[in-house]
Amino acid sequence: MDEVRLIEVKEGVFSENEKVADQVRSDLGDRGVLLLNLMSSPGAGKTTLILETIKVIGENLKLGVLEADIDAVVDAEKVAAAGVPAVQLRTGGFCHLDATMVTQGLEALPLGDLDVVIIENVGNLVCPAEFGTGAHKNVMILSVPEGDDKPLKYPLMFSLCDVVLLSKIDSLSCFEFDFELVKQRILKLNPKAEIFELSAKTGAGVAVWAEWLQAAFRERMT
Ligand SMILES: Nc1nc2c(ncn2[C@@H]2O[C@H](COP(=O)(O)OP(=O)(O)OP(=O)(O)O)[C@@H](O)[C@H]2O)c(=O)[nH]1
Ligand SMILES: [Mg+2]
Ligand SMILES: [Zn+2]
């Protein structure tokens, strides 16, 4: 396993963020790389899903990962141990990534060798929704233990995501979670959202999600 690179990222100027994000999106598009921004609350299962996705995707897509956290390198180390290029972005207190931070991370990845870069954003359902990263697709996880009321409380996040992954479905017997109700709530905010159910622990549903990812790459880049 290569040593993980750790980059201390600095926040860009807020008003400039969308311009930088547009630049990132078009640059990566020109290079044939799909950029995906994965968001959720802390502990909803982003890293676990990335690791499961790496397994299921196998040789079908060449993945790279930008891990963002306020501190620590553990998530990037797990991804690197799975054989995928990973960079840890340390935000030093910021609870979201912006496009300037993403640019700094992308410079440390071997983009010429990659098809898809997954950004694991800082665990937070609030401001990651407000700061564009330059991603072509926004994806979020809502896990069963968090509750089915989250679309009511964090509407912006649910409004902007292309895909909502309802995760930890293996834990359903321990929690109250109404799938039909949560889907109605999501679709009311965002009628185009694609919604999948999965468990990164048992692997149930992960193949369907991985198929979506491959289709998103094919659609955008070929
Ligand atoms: N039962 C169950 N546990 C899961 C599932 N996915 C993740 N977990 C567990 O949830 C905990 C948090 O998972 P992570 O993947 O670290 O979550 P994260 O969103 O990356 O967390 P942060 O990076 O801290 O925001 C771990 O104990 C995982 O094993 C799942 O589908 N089912
Ligand atoms: Mg994580
Ligand atoms: Zn923030």
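**Exercise 1. The zinc site**

Identify which protein atoms act as donors of the zinc ion (ligand 3) in this predicted model, and work out which parts of the chain H96 and C127 tie together.

*Solution.* Start with the atoms around the metal: the protein donors are the SG of C95, the ND1 of H96 and the SG of C127, and they lie 2.0 to 2.3 Å from the zinc ion. Read along the chain, these donors follow the spacing C-H-x30-C. Next, place the pair in the secondary structure: H96 belongs to the loop between β4 (86-90) and α4 (99-106), while C127 belongs to the loop between β5 (116-120) and β6 (137-143), so the two residues tie together parts that are 31 residues apart in sequence. Finally, consider exposure, for which buried means under 20% relative accessible area: H96, at 5%, is buried, and C127, at 12%, is buried as well.

**Exercise 2. Two helices in contact**

Decide how helices α2 and α3 are oriented relative to each other, and state which residues make the contact.

*Solution.* Helix α2 (residues 46-57) packs with helix α3 (residues 74-81) at an angle of about 10°, and their axes are 10 Å apart. Because angles under 35 degrees count as roughly parallel, the two helices are roughly parallel to each other. The contact is made by T47, I50, L51 and I54 on the α2 side, and by D75, K78 and V79 on the α3 side. Sorted by class, the contact has four nonpolar residues, one polar residue and two charged residues.

**Exercise 3. Salt bridges within a helix and across the chain**

Compare where the partners lie in the D22 and R25 pair and in the D148 and R185 pair.

*Solution.* The general principle comes before the cases: side chains of opposite charge can pair when their charged atoms come close. For the salt bridge between D22 and R25, the N to O distance is 2.7 Å, and both residues lie in helix α1 (residues 17-30), three residues apart, or about one turn of the helix. D22 is partly exposed, at 45% relative accessible area, and R25 is also partly exposed, at 24%.

For the salt bridge between D148 and R185, the N to O distance is 3.6 Å. This pair links distant parts of the chain, with D148 in the loop between β6 and α5 (150-153) and R185 in helix α7 (residues 179-189), 37 residues apart. D148 counts as buried at 15% relative accessibility, whereas R185 counts as partly exposed at 22%.

Key. Residues numbered from 1 in each chain as written. Chains lettered and ligands numbered in written order. Predicted model: local features only at pLDDT ≥ 70, side-chain atom pairs only at ≥ 80, totals over all residues. Heavy atoms only, no water. Donors = N, O, S within 2.8 Å, 3.2 Å for Na, K, Ca; no water. Helix = DSSP H or I, 4+ residues; strand = E, 2+ residues; numbered from the N terminus. Buried < 20%, exposed > 50% of the residue type's maximum accessible area, 1.4 Å probe, protein only. Axes fitted to C-alpha atoms, helices over the stretch in contact; angles between N-to-C directions. Parallel < 35°, antiparallel > 145°, perpendicular 65-115°, else oblique. Contact = heavy atoms within 4.5 Å. Nonpolar A, V, L, I, M, F, W, Y, C, P; charged D, E, K, R; others polar. Salt bridge = Lys/Arg side-chain N within 4 Å of Asp/Glu carboxyl O.
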